[in-house]
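Work through the exercises below with the sequence and the model open side by side. Each task is followed by a solution that proceeds step by step.

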Amino acid sequence: MASKAADVIGTQPLLPQPWVVSEVTRETDDVVTLTMDPGSGAAPMVFRPGQFNMLYAFGVGEVPISISGDPAHEAQLIHTLRAVGFVTRALCALQPGDLIGVRGPYGSHWPIEQHAGRDIVLVAGGIGLAPLRPAIYHILSHRDRYGEVALLYGARKPDELLFPDEFDAWRKAGIQVEITVDNADACWEGRVGVVTTLIRHGRFERTAASAFMCGPEVMMRFAAQELENQGVTPDKVFVSMERNMKCAIGLCGHCQLGPEFICTDGAVFALPRVQRLMTIREL
Amino acid sequence: MGPKRDASAFILPVARLDELFAALRSRGYACVGPTVRDAAIVYGDIEHSADLPRGWTDDHAPGSYRIKRRSDNAYFGYVVGPHAWKKYLFTPERRLWQLQRAGAKWERTDPPVEVQKYAFIGVRACEIAALQIQDRIFTGGQFVEPNYAATRREVFVVSVNCTQSASTCFCVSMDTGPEVRGGSDLTLTEILQPEHCFVVRADSERGDEVLASLDLDCARSEHSHAAAVGVDHARRQSRRLETAGLKDLLRRNSESPQWQDIASRCLSCANCTLACPTCFCSSVEDVSDLSGDHAERWQRWDSCFNPDFSYMHGGEVRRTTAARYRQWMTHKLSTWFDQFGSSGCVGCGRCISWCPVGIDITEEARKMREAEGVQS
């Protein structure tokens, strides 16, 4: 009585495609950047800054990870991830030549193109710089389309700063890069303090700026407040949210934040849509 | 002129009930419906009318469900059991794919989309509402669940109008029952007077075709009258969920102390979510064999009451039972509207009966409303 419905197999959205790890860059003690090429049967991926993929470690499991590479380079896929759990530890242990399962890209994106002509302020906390890097690359490729651009980046410790080798290039392209760390030893000559304190140092026109933020929720909450205090209205602020995800296509129910599905409605939200939700504990 | 007849309603004598199943089987349908197993009325394979819970009924109360004998031989003289039809459309567990590692390559085996052609026997009005809600979830959005979509499209719905309600029923207040209004192929109303039979109505072309093949007599007015009396009887429900302003009530009360009060009773056991006909959450489990070269992914029903459900690096987002119950009830009655355009509750009362400590969603909503009234 069972019949095969060949017509719907093509819509199976849960099947990972094989990509080949071509390069593994150790960024910090527990953060790795994986560069990968499409494996047999996988097509190059067109994505927009801020989108994520589900990355699969063979036999271990799958996790949502934002893309950290340049959206203009479709042939390669770059992800930066921290080894914190079972799956991310397995992914961070991959070697060049290993296969990795990829499905995506999923979710909303930084509305960077829609905000051309404005000043841009990027607020990143810790690993949160990774999902913002595609937006930075987009700005670098289209620098004349934007006014002042400021990257305000906080990490816990100096040796946990991501992509320090790129800061000079970003500065040369006219991006103000301000760094702070929560804890530093005597060798650190830069700022110490939470990233929120950098906002007043940002060189951007408060009423003509759009802000993109990614980091711990508590950081984004306080940073949003500080931006608002300084005159950046919430509707010009965008945040990238995170929750447990299994399907990434709005069907498994795991990533709900109030009425929002982080996977399909986000992960990037205009702040007014999630601002109230971010204040509710254990939501 | 003979007795007055209803041209759209027909009479299926109980002795000919098996002809209906035979007609469905001959059209390729596997009949599934209510049957008695393990002291409950659950959904299983129905070969013939003897498989139905003839002469059984069910008693419901918060935290309590018992089947017992009726004084008559009614086939559908019960209300709802612990099962919901979702188990046939979104199966409790399913292998999504298999991978075999061979050197530097992965060979993937995707299971074919298996379409089982089901006839659901004895679907209640509230359950049709639940099916329509799950249709919107699994087939109405940007992404479609292909197994659900393929199986659902083929389902032949033989619905049954309720002629009695349990103490836990509140479909009237949810406007989902007890009378079937759409979403059905054939609709039966079981009557015991003037004789034990089914008043049958076709509600689709497929239903028309099956009904015509049975060549039944038209219902007489006393049959139609008895059916209407039965449905009216089921409309008498003491339990109700006040839906006016309910969405915003829950939205406003995310920090209500009532969540703590509920958490002092709730066992976080997930029974309500498994029994609920609209709950749809699932998880996946990745497994491999001892060689390490064979991997599979399985999808399984999950529940927002499971601690792991909200796990992220650093721990669970919803650490407390209060947060988990708030998620479930707020989703069901409030954020469901934002996501799928309707309430997630159909008023079937399963979550009340199958809660081991008898937490009653209608009562909790009422208390929340009252607490607000006291404050303002």
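## Exercise 1: Backbone exceptions

Locate Glu282(A) among the elements of its chain and describe its backbone.

Solution. Glu282(A) lies in the segment that follows α6 (271-274) of chain A, where helices (H or I, at least four residues) and strands (E, at least two) are DSSP runs numbered from the N terminus. Although Glu282(A) is not a glycine, its phi is positive, at about 60°. This is a predicted model, in which local features need pLDDT of at least 70, side-chain atom pairs count only at pLDDT 80 or more, and totals for chains, interfaces and linings use all residues. Residues are numbered from 1 along each chain as its sequence is written, chains are lettered from A and ligands numbered from 1 in the order in which they are written, and side-chain values use heavy atoms, with hydrogens and water left out.

Next, find where the cis peptide bond between Gly104(A) and Pro105(A) falls, and do likewise for Gly177(B) and Pro178(B).

Solution. In chain A the bond between Gly104(A) and Pro105(A) is cis, with omega about 0°, and Pro105(A) belongs to strand β7 of chain A. In chain B the cis bond joins Gly177(B) to Pro178(B), with omega about 5°, and Pro178(B) sits in the loop between α5 (171-174) and β11 (186-191) of chain B.

## Exercise 2: The antiparallel sheet of chain A

Trace the order of the strands in the six-stranded open sheet of chain A, then examine the neighbours of β2(A).

Solution. Begin with the order, which is β5-β4-β7-β2-β3-β6 (chain A) with antiparallel pairing; two strands pair if DSSP finds at least two bridges between them. The edges are β5 (61-66) and β6 (77-82) of chain A, each of which pairs on one side only. From one strand to the next the twist averages 40°.

Then turn to β2 (residues 17-26) of chain A, which is joined to β3 (residues 31-38) of chain A by seven antiparallel bridges. The connection between β2(A) and β3(A) is a hairpin through four residues. Along this pair, Glu23(A) faces Thr35(A) in β3(A), and Arg26(A) stands opposite Val32(A) in β3(A). Four bridges link β2(A) to β7(A), again antiparallel, and Trp19(A) is opposite Ile100(A) in β7(A).

## Exercise 3: The mixed sheet and its helices

Establish the strand order of the seven-stranded open sheet of chain A and place helices α3 and α5 of chain A against their strands.

Solution. The order reads β11-β10-β9-β8-β12-β13-β16 (chain A), and the pairing is mixed. Its edge strands, β11 (191-192) and β16 (268-270) of chain A, each pair on one side only. Strands β8 (residues 119-125) and β9 (residues 149-155) of chain A run parallel and share six bridges, with Val121(A) opposite Ala150(A) in β9(A).

Helix α5 (residues 217-229) of chain A packs on the sheet and touches β8, β12 and β13 (237-240) of chain A, its direction making about 165° with that of β12(A). Helix α3 (residues 129-141) of chain A lies across β8, β9, β10 (175-181) and β12 (209-214) of chain A, at about 155° to β8(A). Contact here means heavy atoms within 4.5 Å, and the axes are lines fitted to C-alpha atoms, for helices over the stretch in contact, with angles running from 0 to 180 degrees between N-to-C directions.

## Exercise 4: The interface and the salt bridges

Describe how chain A meets chain B, in residues, area and polar pairs.

Solution. Count residues first: 50 of chain A are in contact with 65 of chain B. About 4700 Å² is buried between the two chains, 57% of it on carbon and sulfur atoms; buried area is the accessible area (1.4 Å probe) that two parts lose on being put together, summed over both.

Two salt bridges connect chain A and chain B, a salt bridge being a side-chain nitrogen of Lys or Arg within 4 Å of a carboxyl oxygen of Asp or Glu. Arg297(B) makes a salt bridge with Glu62(A), and their closest N and O atoms are 2.9 Å apart.Finally, 18 residue pairs across the interface are in polar contact (both at pLDDT 80 or more), that is, a pair of N or O atoms within 3.5 Å, where within protein one must be able to donate a hydrogen and the other to accept it, and residues adjacent in sequence count only if both atoms are side-chain atoms. On the side of chain A that touches chain B, β7(A) gives the largest share, five residues.
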